[in-house]
Amino acid sequence: RFTALDATRMPVLDPLHPLGIKSGALWLIEGDHRYACFLYAPSAHADHLRKFFEGRTLGSVMCDGSPTNNCVEKDAGGRRGGCNAHGRRGLVEAVRRGDARAVPGLELYAKIFHVDAESKRFGENLDQRFERRLRESAPVVAELRDWLDLRLGDVEPKSVLGQALGYLDRQWPRLTTFLRDPLMELTNNEVENGLRTWVLNRKTWLFLGHETSAKRAADALTILTTCKKMGINPRAYLRDTLAKLLAGEKSLTSLLPETYAASRAE
């Protein structure tokens, strides 16, 4: 029902490239906060993502505002939301550069984030969270829109704040989807955190030897991350699953992490 995705750079050795290394792309696509799929592609071109979603129909989709992600709406029929962490980020940068005009926007964003934090603290389900959002977040979002309209009229468009305001204005229908779709998250932080381990490790690994290795790395990350999201010890899962394969097990269903998790819960 709910899909979230983001991408990062994946350097791969390439003897035909002038620098010897080309930049591939590593997407992380998550489903229902439970499944993870890492997808390697030779480039960050939208065609690779479009091919992955070919034949699939999506529900609620969280991603950033990149045109690369337009296929989740146009081709897969998803209801696309926008990441308010990205929306807020531009205002933070403006304040860091000394533009105090961004402070009221950040204060309003703090209230919006607080509503979801309180919902999480009380352990509310999706319906309860949505009711809280309509009751408490919607009026603040209206204030944010009024502030945005006011600032758009007097802030220099090419300034740091002006660019942040422009992003908010262009992405507004997506950034406010969380007020129309109970499944929609406020941010894409879950997927970004899922990619962060790879990004940090990339400083040590530097590159992958070739595209075959890149695809294998993506497959390995898929298994490990899905296990972690399901609360499974990845090492134990791999040990037991390899033992099943060596014993002749051929049923994919019996080898899936969710089947393993269910068996451990019994």
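Let's start with disulfides: this predicted model holds zero of them. Take C37, which is in no disulfide; its nearest cysteine sulfur belongs to C71 and is 14 Å away. C63 is in no disulfide either, and there the nearest cysteine sulfur, again that of C71, is 8.5 Å away. Why do these distances rule out a bond? A disulfide needs two cysteine sulfur atoms within 2.5 Å, and C63 has its nearest one at 8.5 Å. What about their surroundings? C37 has 24% relative accessibility, so it counts as partly exposed, whereas C63 is buried, with a relative accessible area of 0%.

Next up, the aromatic rings. How many aromatic pairs are there? The count comes to three. One of them joins F52 and F53: the ring centres are 5.2 Å apart and the planes sit at 80°, so this pair is edge-to-face. The reasoning is easy to follow, because planes over 60 degrees apart count as edge-to-face. F53 itself is buried, with a relative accessible area of 5%.

Another pair is made by Y237 and Y260. Here the centres are 5.4 Å apart and the planes are at 80°, so the pair is edge-to-face. Which parts of the chain does this pair link? Distant ones: Y237 is in helix α9 (residues 234-246) and Y260 is in helix α11 (residues 257-265), with the two tyrosines 23 residues apart. Are these tyrosines buried or exposed? Y237 counts as buried at 6% relative accessibility, and Y260 counts as buried at 6% too.

Some rings also have a charged neighbour. F52, which we met in the pair with F53, has R56 lying over its face, at 4.7 Å from the ring centre. Elsewhere, R145 lies over the face of W172, at 5.0 Å from the ring centre.

Now for the surface. Which residues make the nonpolar patch of about 380 Å²? They are I223, L224, L238, L242 and L245. Two elements, α8 (211-229) and α9, each give two or more residues to this patch. Helix α9 has the largest share, with three residues. So α9 turns up twice in this story: Y237 sits in it, and it gives residues to the nonpolar patch. L224 lies in helix α8 and is partly exposed, with a relative accessible area of 31%. Why can L224 belong to a patch? Patch residues need over 30% relative accessible area, and L224 has 31%.

Finally, have a look at the loop between β2 (21-31) and β3 (35-41), where D32 lies. D32 has a positive phi of about 50° although it is not a glycine. H33 is found in the loop between β2 and β3 as well, and its phi is near 60°, a positive value in a residue other than glycine. Both are partly exposed: D32 has a relative accessible area of 36%, and H33 has one of 34%.

Here are some of the accessibility values side by side.

| Residue | Relative accessible area | Class |
|---|---|---|
| C37 | 24% | partly exposed |
| C63 | 0% | buried |
| F53 | 5% | buried |
| L224 | 31% | partly exposed |
| D32 | 36% | partly exposed |
| H33 | 34% | partly exposed |

Note on methods
Residues are numbered from 1 along each chain as its sequence is written. This is a predicted model: local features need pLDDT of at least 70, side-chain atom pairs count only at pLDDT 80 or more; totals for chains, interfaces and linings use all residues. Side-chain values use heavy atoms; hydrogens and water are left out. Rings of Phe, Tyr and Trp (its six-membered ring) pair if their centres lie within 6.5 Å; planes under 30 degrees apart count as stacked, over 60 as edge-to-face and the rest as tilted. Buried means under 20% relative accessible area, exposed over 50%, partly exposed in between (1.4 Å probe, protein chains only). Helices (H or I, at least four residues) and strands (E, at least two) are DSSP runs, numbered from the N terminus. A charge sits over a ring if NZ of Lys or CZ of Arg is within 6 Å of the ring centre and within 35 degrees of the ring normal. Patches are made of residues with over 30% relative accessible area and no salt bridge: like charges are joined within 9 Å, nonpolar side chains (Val, Leu, Ile, Met, Phe, Trp, Tyr) within 5 Å. Accessible areas come from the Shrake-Rupley method with a 1.4 Å probe; for residues, only the protein chains shown count as cover. A salt bridge is a side-chain nitrogen of Lys or Arg within 4 Å of a carboxyl oxygen of Asp or Glu.
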